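Colleague: Got a minute? I'd like to go through this model with you and ask how each label was earned.

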Amino acid sequence: MATATRQWILDSRPVGEPTMENFELVETELPDPERGEVLVRTLYMSVDPYMRGRMRDAESYAEPWDVGDPMQAGVVGEVEASEHPDFEVGDVVTGDLQWADYAIADGRDLRRVNPEHGPISTALGVLGMPGVTAYFGTTDVAEPTPGDTVVVSAAAGAVGSVVGQLADLTGCHVVGIAGAEGKLEWLESVGFDEGINYKEEDVSAALRKACPDGIDVYFDNVGGPVTDAVWPLLNVRARVAVCGQIALYNATEVPTGPRKLGKLIESRARVEGLLVRDYEDRWGEALKRLSEWVASGEVEYRENVVDGLENAPDAFLGLFEGTKIGKQLVQVGQREA
């Protein structure tokens, strides 16, 4: 029997910052799952800054959506019907599905969620893509060592907050850059040593004060003027992990550059981009360590949950307001008892 579902599609490509005009909620019917497939009822859905790039008609590390395509997202859901031997009705799973009430998925693209590791919503945050990104971005790319000064931009976000806590566990001096005093207060409560409000302070001056001995590691989630302010303070053999460029995602023209590469000659710093999909075969390693830290309280997290699939675009647009702490989620359904 076909399953009726609501589904958000890309109705038009945004120019600059996206608006509600770029989204359309439609109703459609899904067929029964075929061999190897699973019908998943959405419980939680993730919204992430990288989705802005998929709304462009341009090549990127994530394939762009065509106008009329269903919007896609990381989803935690409950199996409603299964034609795959590894999944049964009632299993909680996660995968890259749609902004929808229900979705059909290839069972090979799903991973079972272990509720013993934490609330199932964390499979989209600290125990999901953002947490895994932070883990490998820290351990494999940034490589902090005890005594290093580590600076994290977008530090109160789902990735940056974990990066800073992992650096703190390593024994580093950790400086977080964020855009609200409430965010800085939370960061200090979870192990950051210093906080800089880029909306209220001269970032260059604040960094010189917070990092008197220079910067050994910079975890870059934003690009733009914040990253420009970091660059002159890079120490010899510093490591820069480039994870995101949210300051530029809505730009209609890409600023001219790069203009500051000369600093790398002096500092011999290493700048490396980061894509979490490069670590697919090591997710188990990251989730094991992260779940242990979460269970012990050594890594803390925050979630912002917007209720209702109909409010998914609002949740996405809220990412660009800079007011949220932690992971931005949409709760679509309740798990059946």
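**Labels and cut-offs**

Modeller: Sure, and let's start with Arg-41: its side chain makes a polar contact of 2.7 Å with the side chain of Glu-78. Before you ask, this is a predicted model, where local features need pLDDT of at least 70 and side-chain atom pairs count only at pLDDT 80 or more, while totals for chains, interfaces and linings use all residues. Residues are numbered from 1 along each chain as its sequence is written, and side-chain values use heavy atoms, with hydrogens and water left out.

Colleague: What makes the link between the side chains of Arg-41 and Glu-78 a polar contact?

Modeller: A polar contact is a pair of N or O atoms within 3.5 Å; within protein, one must be able to donate a hydrogen and the other to accept it, and residues adjacent in sequence count only if both atoms are side-chain atoms. The Arg-41 to Glu-78 pair sits at 2.7 Å, so it passes the 3.5 Å limit. The side chain of Arg-41 also makes a polar contact with the side chain of Glu-80, at 3.2 Å.

Colleague: And why is Arg-41 called buried?

Modeller: Buried means under 20% relative accessible area, exposed over 50%, and partly exposed in between (1.4 Å probe, protein chains only). Arg-41 has 10%, so the buried label follows. Arg-41 is found in strand β3 (residues 37-46); helices (H or I, at least four residues) and strands (E, at least two) are DSSP runs, numbered from the N terminus.

Colleague: What does Arg-41 touch, not counting residues up to four places away in sequence?

Modeller: Contact means heavy atoms within 4.5 Å. Among the residues that Arg-41 touches are Gly-77, Asp-101, Tyr-102 and Gln-334.

Colleague: Asp-148 next. How do you know whether Asp-148 is buried or exposed?

Modeller: Asp-148 has 10% relative accessibility, so it counts as buried. Asp-148 lies in the loop between α2 (129-142) and β8 (149-153). Its side chain is joined to that of Arg-239 by a polar contact of 2.8 Å. Leaving aside neighbours within four places in sequence, Asp-148 is in contact with several residues, including Cys-172, His-173 and Asp-216.

Colleague: Since you mention Cys-172: how do you know whether Cys-172 is in a disulfide?

Modeller: A disulfide is a pair of cysteine sulfur atoms within 2.5 Å, and the structure holds zero disulfides. For Cys-172, the nearest cysteine sulfur is that of Cys-211, 12 Å away, so the 2.5 Å cut-off is not met. Looking from the other end, Cys-211 is in no disulfide either, with the sulfur of Cys-172 as its nearest at 12 Å. Cys-172 is buried, with a relative accessible area of 7%, and Cys-211 is buried at 3%.

Colleague: What makes helix α3 mostly covered?

Modeller: Eight of the 11 residues in α3 (residues 160-170) are buried. Gly-160, Val-163 and Leu-166 are among them. The buried residues of α3 pack against α2, β8, β9 (173-178), α4 (181-189), β11 (215-220) and α8 (283-296). Just after α3, Gly-171 takes a positive phi of about 100 degrees.

Colleague: Why is Lys-263 called buried?

Modeller: Lys-263 has 16% relative accessibility, so the label is buried. Lys-263 lies in helix α7 (residues 262-267). Its side chain reaches the backbone oxygen of Pro-232 at 3.1 Å. Leaving aside neighbours within four places in sequence, Lys-263 is in contact with Trp-231, Pro-232 and Leu-234.

Colleague: And Leu-329, why buried?

Modeller: Leu-329 has a relative accessible area of 0%, so it counts as buried. Leu-329 is found in strand β15 (residues 327-331). Leu-329 and Val-305 are 24 residues apart in sequence and 4.8 Å apart in space, C-alpha to C-alpha.

Colleague: Which label does Arg-237 get, buried or exposed?

Modeller: Arg-237 is at 53% relative accessibility, so it counts as exposed. Arg-237 is found in strand β12 (residues 234-242), and it has a positive phi of about 65 degrees although it is not a glycine.

Colleague: What about Arg-268?

Modeller: Arg-268 has a relative accessible area of 43%, so it is partly exposed. Arg-268 lies in the loop between α7 and β13 (270-273). Its phi is near 55 degrees, a positive value in a residue other than glycine.
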